[in-house]
Amino acid sequence: KGETATFRNCRFDGGLYGINCNGNLGSITIDHCETVNQSSAGIYGDGFTATACYVHKSGGDGFKPGHDATIQGCFVQDLGYNSPSAHADGVQIRGGRNIKITGNTFSILAGKSSDGSGTIKGNSGVFVQTNGSTECAGLVASGHWIASANTGVHAYPANAATAAVLMTITGNTIDAKAGLEIQAGSGATTAGNVRGDGTGIK
């Protein structure tokens with residue numbers, strides 16, 4: 001529960017998760033690693049820093065952080081791989097806190113995978129939802145390039161009366177059907193987000 005570990009230049013192939021940090025109270029460093037062919041998510045859990053990782057061909061999401069996580073400089077693509085009912089997000093957060101997501105490249109598309117080997121079913125670059133009455137707090141999504149089948153960043157307070165999405169969304173370049181989807185009562189703030197042609201996104 002309080003593990004301190006470093007994974008560097010590793011490849012994780014298959015399984016429910018590539019790396020499972022669920023419930024970790026320590027510090028796990030994941031540096032220049034690859035996850036591929038997971039059924040749920042490439043990296044899952046708490047207390048980790050993922051830097052310059054390649055996360056792809058997950059049947060579900062790229063990352064599922066819970067709390068105290070940093071995701072920076074990673075490349076995520078080909079999600080919902082061969083999973084036609086998937087709701088696959090580059091980063092999916094439900095009731096998370098203290099999560100910094102910066103400078104990543106998300107290719108979250110739908111149709112054929114980048115290598116033509118299968119189908120993909122992407123949804124959002126970053127999808128954040130409150131978990132019942134548990135708010136999301138201390139979240140940052142900044143400096144990404146996002147190509148998405150649906151939304152670039154989606155902040156969704158499932159019950160806005162009791163829990164908000166306290167999140168800062170800044171400086172992202174987004175090519176998606178909906179650049180930002182910030183639902184009423186979320187508490188998220190945005191600034192400096194643009195489409196690929198440079199036009200602003202409110």
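## Strands and the sheet

Two strands count as paired when DSSP finds at least two bridges between them. Keep that in mind as you look around this model, which is predicted.

A good place to start is strand β18, residues 136-142, and strand β20, residues 165-170: 5 bridges join them, and they run parallel. Within this pair, V140 sits opposite T168 in β20.

Now zoom out. Both strands belong to an open sheet of 8 strands, ordered β1-β4-β7-β10-β13-β18-β20-β22, with parallel pairing. At the edges you'll find β1 (4-8) and β22 (189-191), each of which pairs on one side only. Going from one strand to the next, the twist averages 5°. As for what holds such an arrangement together, strands of a sheet pair through backbone hydrogen bonds.

## The nonpolar core

The largest nonpolar core takes in 41 residues. Which of them have the most contacts inside it? They are I30, F48, F63 and M167.

Let's pick F63 and see who it meets. Setting aside neighbours within four places in sequence, F63 is in contact with I43, F48, A50, V55, I71, C74, V76, G90, V91 and Q92. So F48, another of the residues with the most contacts in the core, is also a contact of F63.

## K64, a buried lysine

Next, have a look at K64, which is found in strand β9, residues 61-65. Is K64 buried or exposed? K64 counts as buried because its relative accessible area is 18%, and the cut-off for buried is under 20%.

Not counting residues up to four places away in sequence, K64 touches S40, A41, I43, Y44, G45 and Q92. Two of these, I43 and Q92, turn up among the contacts of F63 as well.

## Salt bridges

How many salt bridges does a search of the whole structure find? The search turns up 5. One of them links K57 to D115, with the closest N and O atoms 2.6 Å apart. This pair ties together distant parts of the chain: K57 is in the loop between β8 (54-56) and β9, D115 is in the loop between β15 (110-112) and β16 (119-121), and they are 58 residues apart. K57 is buried at 14% relative accessibility, while D115, at 47%, is partly exposed.

Elsewhere, R11, D13 and E34 are joined into one network by salt bridges that share partners. R11 bridges to D13, where the closest N and O atoms are 3.1 Å apart; D13 is partly exposed, at 48% relative accessibility. E34 also bridges to R11, with a closest N and O distance of 3.2 Å. That second link spans distant parts of the chain too, from E34 in strand β5 (residues 34-36) to R11 in strand β2 (residues 11-13), 23 residues apart.

Definitions and conventions: Residues are numbered from 1 along each chain as its sequence is written. This is a predicted model: local features need pLDDT of at least 70, side-chain atom pairs count only at pLDDT 80 or more; totals for chains, interfaces and linings use all residues. Side-chain values use heavy atoms; hydrogens and water are left out. A nonpolar core is a set of buried Ala, Val, Leu, Ile, Met, Phe, Trp, Tyr and Cys residues joined through side-chain atoms within 4.5 Å. Buried means under 20% relative accessible area, exposed over 50%, partly exposed in between (1.4 Å probe, protein chains only). Contact means heavy atoms within 4.5 Å. Helices (H or I, at least four residues) and strands (E, at least two) are DSSP runs, numbered from the N terminus. Axes are lines fitted to C-alpha atoms, for helices over the stretch in contact, and angles run from 0 to 180 degrees between N-to-C directions. A salt bridge is a side-chain nitrogen of Lys or Arg within 4 Å of a carboxyl oxygen of Asp or Glu.
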